[in-house]
Amino acid sequence: MIQIGRHVSGGKYQAYHRDQIREIDLTGYRGTWVVLIFYPGDFTFICPTELAEAGRLYPEFQKLGAEVFGVSTDSVYVHKAWHDASPAVKTVDFPLIADPTGRLSREFGTYLEEEGVSLRGSFIIDPDGVLKAGEVHDNSIGRSAQELLRKLQAAVQVRDGGGEVCPASWRPGAKTLKPGLDLVGKI
C-alpha cells in the first residue's frame, strides 16, 4: 500500500472519457497534480452525488493544474452505461478509470477483498508523482469535493510557498505559517 510521501508506481488502466475508451498511464501525468476519487461502484446511491459535485468543481481543480480521475472496480463498459443513464454522472467531464482487478485500489489501500469493491478514498499526488494527501472512509459516508479541492489548494500553496505551511482549515489568501523555533508555544 502506498504511503504519504512516497512515489506512486503508476500503471496503465482503461478509462471511459467523453464517449471513448482511453488508456491512462498515471506516470504520464508527471508534471501535473493528480486527484484520484475511489468509489465502490457505478449504479449506486452516494457515488453519483460525489462525482457530480467533483464534476461541478472540475474547472477549479484544472485551474490548479490538476487532473481528476474517478476510480471503481467496474469495467469501462459499465462506466459508459452509468454515464449514459445517470443524470448526475452525465455531467461529469473527467475520466472514470476501470479497475476490475482491484490492482489500483489495492495500491492505495482501498480494496475490500471480500466484496470486490473499493472503499471511498481521495488522494492527491503532486507533479513529481509523490502522494501528498489521502483520506479513506466507510462506504456509507459521502465525502466533500469542496474539502478535497481545499486540500489541493493547500498542497499547491505548500509546494510553491517557500517553506511555509498551511494551518487548520486554511483557505487561499489566508495566512500561512513559517515553521521555526520562534513559533513554539506562541500559537
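**Figure 1. The largest nonpolar core of the predicted model.** This core comprises 25 residues, and the members that touch the most others are Val-35, Leu-51, Phe-61, Phe-94 and Leu-152. Two or more residues are contributed by each of the elements β3, α1, β4 and α4. A further core of 18 residues lies apart from the largest one and includes Tyr-13, Ala-15, Ile-24 and Leu-26.

**Figure 2. Surroundings of Leu-51.** When residues up to four places away in sequence are left aside, Leu-51 is in contact with Ile-37, Tyr-39, Trp-82, Val-92, Phe-94 and Leu-96. Leu-51 and Phe-94 are both among the residues that touch the most other members of the largest nonpolar core. Two other contacts of Leu-51, Tyr-39 and Trp-82, form an aromatic pair with each other.

**Figure 3. The seven-stranded open sheet.** Pairing in this sheet is mixed, and the strands follow the order β2-β1-β5-β4-β3-β8-β9. Strands β2 (20-25) and β9 (131-137) form the edges, each pairing on one side only. On average, and with direction ignored, neighbouring strands are turned by 25 degrees against each other. Strands of a sheet pair through backbone hydrogen bonds, in a parallel or an antiparallel manner.

**Figure 4. Helices packed on the sheet.** Helix α1, formed by residues 47-63, packs on the sheet and touches β3 (33-38), β4 (66-72), β5 (96-98) and β8 (120-125). The direction of α1 makes about 165 degrees with that of β4. Helix α4 (residues 145-160) lies across β3, β4, β8 and β9, and runs at about 155 degrees to β3. Both α1 and α4 give two or more residues to the largest nonpolar core, as do the strands β3 and β4.

**Figure 5. Strand β1 and its two partners.** Strand β1, spanning residues 12-17, is joined to β2 by six bridges, and the two strands run antiparallel. Within this pairing, Lys-12 has Asp-25 of β2 as its bridge partner. Strand β1 is also antiparallel to β5, to which two bridges join it. On that side, Tyr-16 stands opposite Leu-96 in β5. Leu-96 is in addition one of the residues touched by Leu-51.

**Figure 6. The hairpin of β1 and β2, and a second site of positive phi.** Most residues other than glycine have a negative phi. Two residues separate the strands of this hairpin, where Arg-18 adopts a positive phi near 50 degrees. Asp-19, in the loop between β1 and β2, likewise has a positive phi, of about 65 degrees, although it is not a glycine. With a relative accessible area of 54%, Asp-19 is exposed, because residues over 50% are classed in this way. Ser-169, in the segment after α4, is also not a glycine and has a positive phi of about 55 degrees. Ser-169 counts as exposed at 61% relative accessibility.

**Figure 7. Aromatic pairs that involve Trp-82.** The structure holds seven aromatic pairs. One of them is formed by Tyr-39 and Trp-82, with ring centres 5.6 Å apart and planes at 35 degrees, a tilted arrangement. This pair links distant parts of the chain, with Tyr-39 in the loop between β3 and α1, Trp-82 in helix α2 (residues 76-85), and their positions 43 residues apart. Both Tyr-39 and Trp-82 are buried. Phe-43 and Trp-82 form another tilted pair, at 6.4 Å centre to centre and 50 degrees between the planes. Here too distant parts of the chain are linked: Phe-43 lies in the loop between β3 and α1, Trp-82 in helix α2, and the two are 39 residues apart. The relative accessible area of Trp-82 is 2%, whereas Phe-43 is partly exposed at 47%.

**Figure 8. An aromatic cluster of phenylalanines.** Phe-38, Phe-108 and Phe-123 form one aromatic cluster. Strand β3 (33-38) and strand β8 (120-125) are both touched by helix α1.

**Figure 9. Two cysteines, Cys-47 and Cys-166.** A disulfide is a covalent bond between the sulfur atoms of two cysteines. A search of the whole structure finds zero disulfides. Cys-47 is buried, at 0% relative accessibility. Cys-166, by contrast, is partly exposed, with a relative accessible area of 22%, because the class of buried residues is limited to values under 20%.

Notes:
Residues are numbered from 1 along each chain as its sequence is written. This is a predicted model: local features need pLDDT of at least 70, side-chain atom pairs count only at pLDDT 80 or more; totals for chains, interfaces and linings use all residues. Side-chain values use heavy atoms; hydrogens and water are left out. A disulfide is a pair of cysteine sulfur atoms within 2.5 Å. Buried means under 20% relative accessible area, exposed over 50%, partly exposed in between (1.4 Å probe, protein chains only). Two strands pair if DSSP finds at least two bridges between them. Helices (H or I, at least four residues) and strands (E, at least two) are DSSP runs, numbered from the N terminus. Axes are lines fitted to C-alpha atoms, for helices over the stretch in contact, and angles run from 0 to 180 degrees between N-to-C directions. Contact means heavy atoms within 4.5 Å. A nonpolar core is a set of buried Ala, Val, Leu, Ile, Met, Phe, Trp, Tyr and Cys residues joined through side-chain atoms within 4.5 Å. Rings of Phe, Tyr and Trp (its six-membered ring) pair if their centres lie within 6.5 Å; planes under 30 degrees apart count as stacked, over 60 as edge-to-face and the rest as tilted.
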